[in-house]
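Grab your viewer and work through these exercises with the model open. Each one sets a task and then walks through a solution.

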Amino acid sequence: MKAIFETGGKQYYVSEGEEIFVEKLDAEVGSTIDFTDVLQIGDKIGTPYVKGAKVTCEVVKHGKAKKIVVFKYRPKKKYRNTRGHRQPYTKLVVKKIG
């Protein structure tokens with residue numbers, strides 16, 4: 001069964017047993033999290049959410065993504081600015097959709 005749920009301002013299309021990376025969540029490694037903001041389960045579409053539906057996930061690890069380089073400049077003004085950023089994430093495994 002497939003589902004679409006929402007967390008961290010983003011929507012994720014998942015099935016059971018799938019690993020996903022989401023915005024960092026405040027949860028311990030090994031704990032389970034229930035997402036109740038489910039937009040769709042199978043053929044059932046919510047308005048905006050499906051009532052009584054939830055996606056249960058297990059937290060596998062926390063980490064940081066690869067560094068991206070942000071480079072700003074102004075032409076003809078000798079302005080150059082380089083910065084890096086690493087976005088924190090949480091890796092989840094979808095255990096149950098119901």
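**Exercise 1: placing an arginine**

In which loop is R86 found?

Solution. Keep in mind from the start that this is a predicted model.
- Step 1: look between strand 9 (79-85) and strand 10 (88-97), since the loop there is where R86 is found.
- Step 2: check its cover. R86 has a relative accessible area of 42%, and partly exposed covers the range between 20% and 50%, so R86 is partly exposed.
- Step 3: find its partners on the surface. K24, K64, K67 and R86 form a positive surface patch.

**Exercise 2: how far to trust the coordinates**

Work out which elements have the lowest and the highest mean pLDDT.

Solution.
- Step 1: start with the whole chain. The average pLDDT is 96, and 100% of the residues score at least 70.
- Step 2: go element by element. Strand 6 sits at the bottom with a mean of 94, while strand 9 has the highest mean, 98.
- Step 3: recall what the score is for. Where pLDDT is low, predicted coordinates should not be read in detail.

**Exercise 3: salt bridges across the chain**

How many salt bridges does the structure hold? Take three of them and say where the partners sit and how covered they are.

Solution. The count is four. As a reminder, side chains of opposite charge can pair when their charged atoms come close.
- Step 1: K10 and E23. Their side chains meet with an N to O distance of 2.6 Å. The pair links distant parts of the chain, with K10 in strand 2 (residues 10-15) and E23 in strand 3 (residues 19-23), 13 residues apart. K10 is partly exposed at 36% relative accessible area, and E23 is partly exposed at 25%.
- Step 2: K91 and E19. This salt bridge has an N to O distance of 3.4 Å. It joins strand 10, home of K91, to strand 3, home of E19, and the two residues are 72 apart along the chain. Now for the cover: K91 comes out at 16%, and buried means under 20%, so K91 is buried. E19, at 47%, counts as partly exposed.
- Step 3: D34 and K54. The N to O distance in this salt bridge is 3.7 Å. D34 belongs to strand 4 (residues 32-35), and K54 is in the loop between strand 6 (44-45) and strand 7 (55-64), 20 residues apart. D34 is partly exposed at 43%, and K54 is partly exposed at 38%.

**Exercise 4: a nonpolar patch**

Which residues make the nonpolar surface patch of about 340 Å²?

Solution.
- Step 1: select V69, F71 and Y73, the residues that make this patch.
- Step 2: pick F71 and place it. F71 lies in strand 8 (residues 68-74).
- Step 3: ask why F71 can be in a patch at all. A patch residue needs over 30% relative accessible area, and F71 has 47%, so F71 clears that cut-off. F71 counts as partly exposed.

**Exercise 5: backbone oddities**

Scan the backbone: is the peptide bond from T47 to P48 cis or trans? Then look up phi for K76 and K78.

Solution.
- Step 1: check omega for T47 to P48. The value is near -5°, and the bond is cis. P48 is found in the loop between strand 6 and strand 7.
- Step 2: turn to K76. Phi is near 65°, a positive value in a residue other than glycine. K76 is in the loop between strand 8 and strand 9, and K76 is exposed at 84% relative accessible area.
- Step 3: do K78 too. Phi is near 60°, again positive in a non-glycine residue. The loop between strand 8 and strand 9 also holds K78, which is exposed at 83%.

**Exercise 6: the start of the chain**

Where is M1 found, and what separates the C-alpha atoms of M1 and I41?

Solution.
- Step 1: M1 is in the segment before strand 1 (2-7).
- Step 2: the cut-off for exposed is over 50%, and M1 has 60% relative accessibility, so M1 counts as exposed.
- Step 3: set the two C-alpha atoms as a pair. M1 and I41 are 40 residues apart along the chain, and 7.4 Å separates these atoms.

Technical notes:
Residues numbered from 1 in each chain as written. Predicted model: local features only at pLDDT ≥ 70, side-chain atom pairs only at ≥ 80, totals over all residues. Heavy atoms only, no water. Patch = residues over 30% accessible without salt bridge, like charges linked within 9 Å, V, L, I, M, F, W, Y side chains within 5 Å. Areas by Shrake-Rupley, 256 points an atom, 1.4 Å probe, with all protein chains shown as cover. Lys, Arg positive; Asp, Glu negative; His and termini not counted. Charge placed at Lys NZ, Arg CZ, Asp CG, Glu CD. Helix = DSSP H or I, 4+ residues; strand = E, 2+ residues; numbered from the N terminus. Buried < 20%, exposed > 50% of the residue type's maximum accessible area, 1.4 Å probe, protein only. pLDDT = per-residue confidence, 0-100.
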